[in-house]
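Could you walk me through this model in my viewer, one selection at a time? I would like to know what to pick next and what I will find there.

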Amino acid sequence: MRLQDLTLALRPRSGWEAAELGCALARRHYGAIWRPWWTLALPLFVLANALCWALDLLWLAPLLLWWLKPAFDRIPLYVLSRAAFGQVPRCGETVRALWQWGRPFLFAHLLWRRLGPVRALYLPVDLLERSAPARARERRRALGGPAYGTATMLTLVFAHFEIALYLGLAMLVLVFVPQEYLGTTAQWLWRALEEDAAWLGVASNAALWIATSVLEPFYVGAGFGLYLNRRTEIEGWDIELAFRRLRERLRTAAPALSLLLLLALAPGARAQDERPPTATPAEVFGPEQADDAGLRRAVAQAYADPRVTPKRTVRTWKPRQPAKPERRSPPPPWLAALSRAFAALAEYGLWLLFALFAAALLLTAKRWWPWLVERATREPAPLPETRTVAYDADAPLPADIAGAVRALWHAGRPRDALALMYRAAVAAMAARAQVDLVPGATEAECLRAARELPEAADREAFADAVRIWQYAAYAQRLPDEPRFEQVLRTLGARFGWAA
């Protein structure tokens, strides 16, 4: 490794400053990272979703891609580790290198170290140094000491950013929906979610993988920045680089310095030969050597200046009888062994819980597996027929609206009766308020238009009609017959329907 080729300014930094340096490096070479990333990630995404779709297990595709993230993390690390030294690899070079680069450590990263909270910090230790397992453990322990907390928080922060970006992409769809169609679109999406539509699952998986692909290079870059900062602190890379630059400057100026040194020493040698064999201090400095009393006074006055030698008085409280330090005996061996056992349990407790959960699933499989198979193979129950009759100015209404509504109600068709009543109420409201409603106007738009009605009793009667229709259409709650008759009589009296 040639430190003099580094394109980064090395100096000891704080943990978050080092992470920001790594993110800036990833941002500078984002194109060189993304091209090989999508070259490998896009076919795998299509293959995983197609296979899980064929098995009717679309929920498994994002879980599989999330578990394989350490395999893709090699792409940004390969690019950044070479770009930091001024050698940005091409897309084809990166793709070809991944078949061999870092493959011995891939098995560990996908199994027992997959859930490690400092994966971004330890990844460069394994893939760039490629030490033996025992040596790699020592290196991880040495490099991860002070940076362990920062690397853990880095994983947590990027996980939250990934969730936020995924939800933002999902909500972005509703931004492009016109306001008048927002309610209909929301109902359509909710119906697709209830029916567990396959296209909705694929779209959700795509949004999640896009969020991962956008943020993962920055996560790896932040870990690489922490790695470089820890090596700078431990191995003194900044000091080594300063000495190397000094050596290069001295090597360039060595001939000129040697010539100047020879020229300076030659006259001095001749003067030394011509000097008298003995010389007193008076002959060296001159016969009129001054007394140094004035110089001593000037130095004393300069040191007395508070700006040169500042002094301050600090007062502290001290007990009259200070407590003697207690001599603590070392803990007994059984207590040390117990603490080590608790430390190991805390470190590997997550895997222990996972193993216990897997064992519980296996032991109770005969109880829940048949039920799961039955649920997966059972045909979904047909949804109840819901018909929403929107306002249509061209649809003819019966002459006796109240009689037609009652006939539908007593014939066992309450939804059709309420739909006809609602449509007639909308038509009467639009005519009396002198407003033009667009075809397919929603209930909210009709209520806003009803504000133009001159009388408050008309507005209240129309609001009751809208409310009773919404309960029936969306909540499957039909009114009882007295309530139905009350609303129908009120509407007939207010809008002049035939009795």
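Start by selecting helix 4 (residues 69-83) together with helix 11 (residues 198-235): in this predicted model, the crossing of helix 4 and helix 11 is right-handed. The two helices pack at an angle of about 50°, and their axes are 9 Å apart. That angle makes helix 4 oblique to helix 11.

Now show the side chains where the pair touches. On helix 4, pick Lys69, Phe72, Asp73, Pro76, Leu77, Leu80 and Ser81. On helix 11, the partners to pick are Trp209, Thr212, Glu216, Pro217, Val220, Gly221 and Phe224. Colour this contact by residue class and you get eight nonpolar, three polar and three charged residues.

Keep helix 11 on screen and swap helix 4 for helix 2 (residues 30-54). How do helix 2 and helix 11 run relative to each other, roughly parallel or roughly antiparallel? Their packing angle is about 155°, with 11 Å between the axes. Angles over 145 degrees count as roughly antiparallel, and helix 2 and helix 11 are therefore roughly antiparallel to each other. The crossing of helix 2 and helix 11 is right-handed.

For the contact itself, select Tyr30, Ile33, Trp34, Trp37, Trp38, Ala41, Phe45, Asn49 and Trp53 in helix 2. Across from them, in helix 11, add Ala198, Val202, Asn205, Ala206, Trp209, Ile210, Ser213, Val214, Glu216, Pro217 and Phe218. Coloured by class, the contact of helix 2 with helix 11 shows 16 nonpolar, three polar and one charged residues.

While you are here, click on Trp209, Glu216 and Pro217 of helix 11. These residues take part in the contact with helix 4, and they also meet helix 2.

The last stop is an enclosed space. How many cavities of 30 Å³ or more does a search of the whole structure find? The search finds one, and the largest cavity holds about 40 Å³ of space. To see its walls, select Leu10, Arg11, Arg13, Ala18, Leu21, Gly225, Leu228, Asn229 and Thr232. Helix 1 (15-28) and helix 11 are the elements that give two or more residues to this lining. Helix 11 gives the most, with four residues. A final colouring by class splits the lining into four nonpolar, three polar and two charged residues.

Note on methods. Residues numbered from 1 in each chain as written. Predicted model: local features only at pLDDT ≥ 70, side-chain atom pairs only at ≥ 80, totals over all residues. Heavy atoms only, no water. Axes fitted to C-alpha atoms, helices over the stretch in contact; angles between N-to-C directions. Parallel < 35°, antiparallel > 145°, perpendicular 65-115°, else oblique. Left-handed = near helix turned anticlockwise from the far one by under 90°. Contact = heavy atoms within 4.5 Å. Nonpolar A, V, L, I, M, F, W, Y, C, P; charged D, E, K, R; others polar. 1 Å grid on protein atoms, 1.4 Å probe; cavity = no way out; pocket = protein on both sides within 12 Å on 5 of 7 lines; lining within 4 Å. Points joined across faces, edges and corners; volume = space filled by probe spheres on them.
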